[in-house]
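Please look at the sequence and the structure shown here, and then work through some questions about them. Each answer gives its reasons before it arrives at a name or value.

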Amino acid sequence: MTSGSVTADGRSRVLADGNEIPLLALGVWQVPDGRECEDAVRWALEAGYRHVDTAQAYGNEPSVGRALRDSGVPREDIFITTKFHPGRSDPEAEAQRSLQRLGVESVDLYIIHWPQGGPTWAWDGMQRAHERGYARSIGISNFSAAEVESVFAVADMPPVVNQVQFSPFEFRRGLLAECERRGVALEAYSPLGTGRHLDDREVARIAERLGRTPAQVLIRWSLQRGLIVLPKSAHRERIEQNAQVFDFQLSDEDMAALDGLDQTGGTDSALERPWW
Ligand SMILES: NC(=O)c1ccc[n+]([C@@H]2O[C@H](COP(=O)([O-])OP(=O)(O)OC[C@H]3O[C@@H](n4cnc5c(N)ncnc54)[C@H](OP(=O)(O)O)[C@@H]3O)[C@@H](O)[C@H]2O)c1
């Protein structure tokens, strides 16, 4: 299986380092540590998700770890992503702390959460976390095309993913093209616009015609663009609904109509307004 290709079941793809990543993940940003987060992860695993996206900054790694252990699903069947908080100084030491909180021996993917302090300073520590076996794959998040280039210029082991805000409304074609050119898989975060895009009339029109929900249409758009997609919900029925996206197709016309919703002008930036 070559890098970039989708696996036979259509649910995973192969990263540039050879590791396989499930295309659909549960995101747990803004899900409080404790019962709410444990429930969300448990429901997701029961609904067939095999990929959970957390971060040091989310404060809920302990609940994610507990839910994974309690599920009885073998560790090797679940893909766990966490993110280095770039307000801290040592990605390797912070990776060890994440592993303790998660209660696992390694994560599947460890990414720099955002390029605070510049795009390159943390990469050496990320590579060390990989060398030590704390993370099977390493990557970046919220990096523009120019920042991706800067990391490649210093990397012995280049990043294999860039996790960015991406949806039909944030269709960052320039950034996607640069990532694809370099063999960096793009992960679409906030695929529902943190809920904002669910009320859009065009999305609702397509959803209604197909007998699907707006969330399913938006998630499906990301999948058909070849992306890894990370919807978040803390409600069981929505978590289940968001996973029912492998049994229908958006037509070329519907994809084009959704593409037309872009408000970024096809940018190669990761964000219009950085928060750091
Ligand atoms: N790397 C980064 O800097 C970064 C930044 C932002 C996000 N992320 C990742 O991306 C994930 C997703 O992004 P996001 O949290 O911004 O939000 P999102 O997935 O775009 O949208 C989540 C919102 O939509 C609602 N929702 C979900 N499914 C729904 C459905 N089927 N019907 C109706 N409403 C639904 C959720 O409500 P309920 O929860 O109440 O159901 C929540 O309010 C995050 O959790 C995180 O893992 C990463």
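The questions below deal with the ligand, with some helices and with single residues.
This is a predicted model, in which local features need pLDDT of at least 70 and side-chain atom pairs count only at pLDDT 80 or more, while totals for chains, interfaces and linings use all residues. Residues are numbered from 1 along each chain as its sequence is written.

Q: Which helix gives the largest share of the shell around the ligand?
A: A residue counts as near the ligand if its C-beta atom, placed from the backbone, lies within 6 Å of it. There are 29 residues around the ligand, and Gly-27, Trp-29, Tyr-189, Leu-192 and Lys-232 come nearest. Helices (H or I, at least four residues) and strands (E, at least two) are DSSP runs, numbered from the N terminus. The largest share of the shell, three residues, comes from residues 236–243, which form helix α9.

Q: How many residues of the shell around the ligand are charged?
A: Ala, Val, Leu, Ile, Met, Phe, Trp, Tyr, Cys and Pro count as nonpolar, Asp, Glu, Lys and Arg as charged, and the others, Gly among them, as polar. On this division the shell around the ligand has eleven nonpolar residues and 15 polar ones, and its charged residues number three.

Q: Why do the buried residues of α5 line one face of the helix?
A: A residue is buried if 20 or more other C-beta atoms lie within 10 Å of its own, exposed if 12 or fewer, and partly exposed in between, with C-beta atoms placed from the backbone. In α5 (residues 145–154), the buried residues are Ala-145, Glu-147, Val-148 and Val-151. Taking the directions from the helix axis to the C-beta atoms, these buried residues line one face of α5 because they fall within an arc of 160 degrees.

Q: Which exposed residues are on the face of α5 turned away from its buried side?
A: The buried residues of α5 pack against α4 (123–131), β7 (135–141), β8 (161–165) and α6 (173–181), where a contact requires C-beta atoms, placed from the backbone, within 7 Å. The face turned away from that buried side carries the exposed residues Ala-146 and Ala-153.

Q: At roughly what angle do the axes of α7 and α8 cross?
A: Axes are lines fitted to C-alpha atoms, for helices over the stretch in contact, and angles run from 0 to 180 degrees between N-to-C directions. Angles under 35 degrees count as roughly parallel, over 145 as roughly antiparallel, 65 to 115 as roughly perpendicular and the rest as oblique. The axes of α7 (residues 201–210) and α8 (residues 214–224) come within 8 Å and cross at roughly 100 degrees. Therefore α7 is roughly perpendicular to α8, and the crossing angle is roughly 100 degrees.

Q: What is the angle between α2 and α3?
A: Glu-61, Pro-62, Val-64 and Gly-65 in α2 meet Ser-98, Arg-101 and Leu-102 in α3. With their axes 7 Å apart, α2 (residues 61–71) and α3 (residues 91–102) pack at an angle of about 50 degrees. That makes α2 oblique to α3, at an angle of about 50 degrees.

Q: Is Asn-142 buried or exposed?
A: Asn-142 is found in the loop between β7 and α5, and has a positive phi of about 65 degrees although it is not a glycine. Because 25 C-beta neighbours lie inside 10 Å, Asn-142 counts as buried.

Definitions and conventions:
Two residues are in contact if their C-beta atoms, placed from the backbone, lie within 7 Å.
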